[in-house]
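Visitor: Hi, I'm new to this one. Could you walk me through it?
Guide: Sure, let's put it on screen and go piece by piece.

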Amino acid sequence: MKLKSSTLRTFTALHTWVGLVAGFALFVAFYAGAITVFHHDLMVWQSPHAVEQPVGTLEDAQYLLDETLKRHPEARNWVGMLFPGEESAQPLAYWPDAQGRWHYATPDDLQGGAEPPSAALSELVNALHFSLGLPVAGLYLMGIVSLLYGVALVSGVVIHLPKLVEDLFALRPGRNLKRFWQDAHNVIGVLSLPMHVMFAATGALLCLATVVALALNPLIYGGKLAEAMPAALDTAPQMAAAGTPASPGGLAMWRARAQEEARKRGLDAFEPTYLKLTHAGDANALVEITGEVPRTLGSLGAVALNANTGEVVASQLPGHRDINHATLSIAYRLHFGEYGNAWVRWLYFLLGIGGAFLFFSGNLLWIESRRKRRQPEQGKPQVWMAKATVGFCIGACVAISTAFVAAQVLESHGAAWGMDTATGLNVACFGSWAACLAWAAVRPPIRAAIELLWAAAIVTALVPLAHGAMTGAWLWRSAAAGHTALFAIDAGALAMAAGFAWLAWLTGRRSRTGERNSVWALPAGI
Amino acid sequence: MWARATAGIVPGFFLSAAIVGLASWLLPGPWQSTLVLGGLAFFPVWVGVFCLGFLFRSGARAWLAYSLLAAAGLAGLALLRHLQWVQ
């Protein structure tokens, strides 16, 4: 396909600038997002004894629900609960208080706390993924970043379009390093394009839905969005409390009724995963049972019941739901990779790391294409871009691995030191990240790159060591005991550590033998 | 560059709203049934409109064209709703 050269120039400039502006945030979103794919496993990995914990029963869950409603009157308005099972071995209840703060309780901690148990590490990695760890504004920032990412994708395809096919399988290693980086950037970008399009669209939706809904409401929905929203998003209808007390049914009855309803729709394998209960103890109490139907794309479906009688009020089940619920379920599952089995999660992990590489290599290409070939002294913007890329991106890898190590140490010793795990993880993660940025700022970029890559390799290799030393769950023991999730996290960390060491070695070689006139050559006299 | 970029951001936003709005109301069935799909589609539509803005010969043309199209689209939608030709 032929494009006008002015169009190509415009879109190349557009691609470069949105890439530079959004690339840093996207690197973190993809690197942390790749790890977040395994967030349930991370919770088990963080907690020293979670893997030995037997899966709770429905009676445990009923006990937790009864106690939660008895001890915390505010939970009677709205309470959610995870059924014990694959997602969490023990049931977990959660509810907002009058100020909107969330509380979490388990059968072992009926009084409840502000953090779900053993979730500090997975919560931190997830927060880095969707908000860079910044409160409130981070979410909107990432929404804007998602839009810029969309623009980068469109402009990237446009500038690549004329030579799409011939370039696709061209990966030309050799003396021309810029061409090699360009090829790698293009190949990964084009091959994972459908996934990137999906992430850009669903990422923007997840971050900006509320803001855009506010803007679109008067423009195109005639101000009627607020009344239409609950029916589009929830299964149970909105209902006010009747004010007359009633005795609620139990979990076993709700589960049986929801499964019966699913069977009626031809879905034999409906397994409840969580519930939402509103107005508990009132005549208008409603319960929404959400469950999984295996081997469907938008595999979550829900049945809403009268919580007292078990009568079915509404249902949104795969194959039998409206467009809103189908879209929501499919978009959600596609974004989080929660369809299919472990292969899909590993594929998402690899695509996530590949995406992080895409943004990193974009910055390298910017630096490389502005290289002054005839002089050792490179331009200030290029040097600072190199420092920022190295400090921020490799720093993020160091910071996340540091948080992993800190999670193990704090789970074992945090209580004795009087340090809460979540706070300690924040200090470890953001402290080490800031240190990497400062290091990159004061060192020549190539030195900082090599040193920070070695730091990433060492800290990441410490991840399985810390896990083994603190809990006794050395990776060979996890493998022998059949704890595949624990083994996979430790082995994955070792593989990543080897990867960082390899990159450090390659970067070191480039600094000595590569072209001299570059920000990546060792400065004379050092 | 900036004039065309801002054309994509400001009137482009309203034009994208008009496109999504017209699609939501003109498709068969009540508009409520495509709320989530419309919300999801809005972002790619806006990104597309933003990128197309760079094909204009000048920023002023982009602003003018997008403003006129957005106004026409939103006014058309309001009229269709007012006359109850769409639901």
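**A walk through the two chains**

Guide: Let's start where the chains meet: chain A and chain B bury about 2,600 Å² between them, and carbon and sulfur atoms give 84% of that area. Keep in mind that this is a predicted model.

Visitor: How many residues does each chain bring to that contact?
Guide: Chain A puts in 32 residues and chain B puts in 29 residues.

Visitor: Which three residues supply the most on the chain A side?
Guide: That would be A:Leu219, A:Ile220 and A:Tyr221. Together they supply 23% of the area chain A buries against chain B, more than any other three residues.

Visitor: OK, and what is chain B made of?
Guide: Chain B has three helices and zero strands, so to speak an α-α-α pattern when you read along the sequence. Its C-alpha atoms fill a box of roughly 40 × 25 × 15 Å along the principal axes.

Visitor: How much of chain B is buried?
Guide: Of its 87 residues, 46% are buried. Also, take the contacts in chain B between residues at least 6 apart in sequence: 82% of them join residues at least 24 apart.

Visitor: Now chain A. Which domains is it divided into?
Guide: Domain 1 covers 15-47 + 118-232 + 341-369, domain 2 covers 58-117 + 233-336, and domain 3 covers 371-525.

Visitor: How do domains 1 and 3 of chain A meet, and what area is buried there?
Guide: About 3,100 Å² is buried between domain 1 and domain 3 of chain A, with 78% of it from carbon and sulfur atoms. On the domain 1 side 32 residues are in contact with 38 residues of domain 3. The C-alpha centres of these two domains of chain A lie 21 Å apart.

Visitor: What about the largest nonpolar core? Which residues touch the most other members?
Guide: That core has 124 residues, and the ones touching the most other members are A:Phe27, A:Leu121, A:Phe404, A:Leu425, A:Trp520 and B:Phe42. Helix α13 of chain A, residues 380-417, gives the most to this core, with 17 residues.

Visitor: Why does the core lie between domain 1 and domain 3 of chain A?
Guide: Because both domain 1 and domain 3 of chain A give residues to this core. As a general matter, nonpolar side chains in soluble globular proteins tend to be buried together.

Visitor: You listed A:Trp520. What is A:Trp520 in contact with?
Guide: Leaving aside neighbours within four places in sequence, A:Trp520 is in contact with A:Leu364, A:Ile367, A:Glu368, A:Ala386, A:Val390, A:Pro445, A:Ile446, A:Ala449, A:Arg510 and A:Ser511. Apart from the largest core there is another core of 29 residues, among them A:Leu69, A:Trp95, A:Leu251 and A:Ala280.

Visitor: Let's switch to the sheet. What order do its strands come in?
Guide: It's an open sheet of eight strands in chain A, ordered β4-β3-β2-β1-β5-β6-β7-β8, with antiparallel pairing. At the edges stand β4 (109-113) and β8 (312-316) of chain A; each has a single partner strand, so one side of each is left without a neighbour in the sheet. From one strand to the next the twist averages 20°.

Visitor: Which helices pack on the sheet?
Guide: Helix α3 of chain A (residues 58-71) packs on the sheet and touches β1, β2, β3, β4 and β5 of chain A, with its direction at about 155° to that of β1(A). Helix α10 of chain A (residues 251-264) packs on the sheet too, touching β1, β5, β6, β7 and β8 of chain A, and its direction makes about 120° with that of β5(A).

Visitor: How many bridges join β7(A) to β8(A)?
Guide: Four, and the two strands run antiparallel. A:Ala304 stands opposite A:Ala314 in β8(A). Their hairpin has five residues between the strands, and there A:Gly310 takes a positive phi near 85°.

Visitor: Which residue other than glycine has a phi near 60°?
Guide: A:Ser118 does, and that value is positive. A:Ser118 is found in the loop between β4 and α4 of chain A.

Visitor: And is A:Val136 buried or exposed?
Guide: A:Val136 counts as exposed, because its relative accessibility is 66%, where exposed means over 50%. A:Val136 also has a positive phi, about 50°, although it is not a glycine.

How values were computed:
Residues numbered from 1 in each chain as written. Chains lettered and ligands numbered in written order. Predicted model: local features only at pLDDT ≥ 70, side-chain atom pairs only at ≥ 80, totals over all residues. Heavy atoms only, no water. Core = buried A, V, L, I, M, F, W, Y, C linked by side-chain atoms within 4.5 Å. Buried < 20%, exposed > 50% of the residue type's maximum accessible area, 1.4 Å probe, protein only. Domains from an automatic or database assignment. Contact = heavy atoms within 4.5 Å. Pairing = 2+ DSSP bridges. Axes fitted to C-alpha atoms, helices over the stretch in contact; angles between N-to-C directions. Buried area = accessible area lost by both parts, 1.4 Å probe.
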